[in-house]
Every structure is written in C-alpha cells, then in structure tokens.
Amino acid sequence: MPADAILFDLDGTLTDAKPGITRSIQYALLELGYTPPDADDLGWYIGPPIQETFSLLLKTTDEKLLTQAISLYRDRFSTIGLFENLLYPQIPETLTAIRVAGYKTFVATSKPYIYTIRIIEHFGLSSLFDGVYGSELDGTRSVKGDLIGHILLTENLSPSTVIMVGDRKHDMIGAKHHQVTAIGVTYGYGTEEELKTHGADFIAYSPEDISKLVIRNGSKK
C-alpha cells in the first residue's frame with residue numbers, strides 16, 4: 001500500500017462529535033414542531049451531508065423546509081454543539097507516528113470548513129496536518145467524492161499514492177470514485193459490514209490500527 005498522503009475524515013474518525021451533532025439535530029426538529037428521535041437513534045445520521053440527514057429524518061426533499069432545518073441546526077451547532085466533542089484516544093499519537101514516518105496528512109470532511117478549522121484548532125491538532133479541507137456552507141463539496149477530487153487537484157496528489165480514512169460508506173464511496181485506497185474505521189459511527197460493502201480495502205478497529213496499516217511497510221524517510 002505505497003502512499004504519500006493520508007486523508008482523514010473528522011466526525012467518527014478523529015473525534016466523537018455525537019453529542020453536539022445529535023443535540024443540534026434534536027434542537028432543529030423541535031423548533032420545527034417535530035418530535036426528535038432519541039440521541040442513540042441519531043448516530044446513524046452522522047456522516048452524510050447535513051441536507052441528506054434532514055431529508056431522511058423529515059422524509060422530504062422540500063428545499064425550503066430543509067434550508068430552515070439546516071439553519072436551525074447551525075444556530076446551535078456553531079455556538080454550542082461545535083465543542084460538545086471529544087478526541088478519540090490515541091489520535092494525536094497516531095497522527096504523529098504517521099507524520100514522523102514521512103507522510104503528509106489532511107483533514108477531508110463534509111462538515112463546513114469554517115467549523116472544521118475551529119474544531120482542529122480547539123483540539124490543538126493544527127500542527128499535525130498539512131491542510132484542512134471541508135465543505136462550503138452552501139453545500140459545495142459536501143459530497144465526499146467531490147471533496148476528495150478537489151484535494152487531489154489542489155494538492156497535486158496522484159490517487160495511487162493517497163489513502164482515505166473514514167468511518168462511513170460515504171468515505172469509502174468517495175475514495176473508490178477516485179481509485180484511492182480506503183481504510184474503514186469501526187470505532188466511529190459506521191459498521192464493518194457497511195464499510196466493506198462500499199469498498200473498504202482495509203479495516204482499522206482502533207486509531208492505532210491506522211498507523212500500523214499505513215506504515216507497515218516501513219518509514220518513508
């Protein structure tokens with residue numbers, strides 16, 4: 001698995017963002033007059049673009065209603081939910097090991113960039129990434145395949161030398177769309193079955209497994 005650059009999803013891969021995301025979804029649904037599901041039943045909706053999440057929850061494609069739901073969600077998430085978040089154990093150590101071995105590292109998340117950069121800075125991870133990439137508030141590059149394509153072009157990376165690490169099918173599908181190697185992590189919000197079904201080349205059961213998979217053939221330096 002020769003590689004030069006590793007792309008990391010954020011929610012469910014680097015951080016456990018479930019409390020902030022689920023509470024913000026519940027807030028938006030309540031404000032719209034809906035009875036929200038319990039937080040434990042909302043974990044499955046973490047990972048997809050937020051418009052897709054609300055479309056599934058509200059069972060609608062009505063743009064006006066979805067825009068309203070997203071606006072309410074962001075009202076809470078941008079001020080409170082953003083920091084209802086925890087780093088998974090060993091993430092800084094895993095990133096450090098991968099970088100010491102000579103690989104470039106990037107964040108690749110469907111979450112809007114303006115939130116992503118604040119989260120990365122909040123956890124003191126800025127120095128462990130060569131670049132941070134997210135979507136725009138209008139939904140541009142919220143589809144993981146579009147985002148990965150943008151990163152490959154912007155950073156002048158060859159797909160054959162890139163690995164995408166993520167916890168949901170969207171990460172695997174996006175990676176395979178560009179012939180990028182995909183590592184699925186099972187400690188996030190997706191299942192091993194979901195990840196394998198949608199193209200995961202390797203499975204990591206813990207953050208430490210990621211570094212073992214990436215540098216198992218030895219340091220690049």
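This briefing walks through one open sheet, a residue in its strand 4 and a nonpolar surface patch. The model is predicted, so local features need pLDDT of at least 70 and side-chain atom pairs count only at pLDDT 80 or more, while totals for chains, interfaces and linings use all residues. Residues are numbered from 1 along each chain as its sequence is written, and side-chain values use heavy atoms, with hydrogens and water left out.

**The sheet**

- Six strands form an open sheet in the order 5-4-1-6-7-8, with parallel pairing; strands here are DSSP runs (E, at least two residues), helices are runs of H or I with at least four residues, and both are numbered from the N terminus.
- Strand 5 and strand 8 (202-204) are the edge strands, each pairing on one side only; two strands pair if DSSP finds at least two bridges between them.
- From one strand to the next, the twist averages 25°.
- Helix 9 (residues 207-214) packs on the sheet and touches strand 1, strand 6 (162-166), strand 7 (181-185) and strand 8; contact means heavy atoms within 4.5 Å.
- The direction of helix 9 makes about 145° with that of strand 8; axes are lines fitted to C-alpha atoms, for helices over the stretch in contact, and angles run from 0 to 180 degrees between N-to-C directions.

**Strand 4 and its partners**

- Strand 1 (residues 5-8) and strand 4 (residues 104-112) run parallel and are joined by four bridges, with L7 opposite F106 in strand 4.
- Four bridges also join strand 4 to strand 5, again in parallel, and here A108 stands opposite Y133.
- Strand 5 is largely enclosed by the rest of the structure, because five of its five residues are buried; buried means under 20% relative accessible area, exposed over 50%, and partly exposed in between (1.4 Å probe, protein chains only).

**A look at S110**

- S110 lies in strand 4 and is buried, at a relative accessible area of 11%.
- G47, S135, S142, K144 and L147 touch S110, leaving aside residues up to four places away in sequence.
- P49 is 61 residues from S110 along the chain, yet their C-alpha atoms are separated by 6.0 Å.

**The nonpolar patch**

- Y113, I114 and L137 make a nonpolar surface patch of about 260 Å²; patch residues have over 30% relative accessible area and no salt bridge, and nonpolar side chains (Val, Leu, Ile, Met, Phe, Trp, Tyr) are joined within 5 Å, like charges within 9 Å.
- A salt bridge is a side-chain nitrogen of Lys or Arg within 4 Å of a carboxyl oxygen of Asp or Glu, and accessible areas come from the Shrake-Rupley method with a 1.4 Å probe, where for residues only the protein chains shown count as cover.
- L137 sits in the loop between strand 5 (131-135) and helix 6 (144-154), and counts as partly exposed at 42% relative accessibility.
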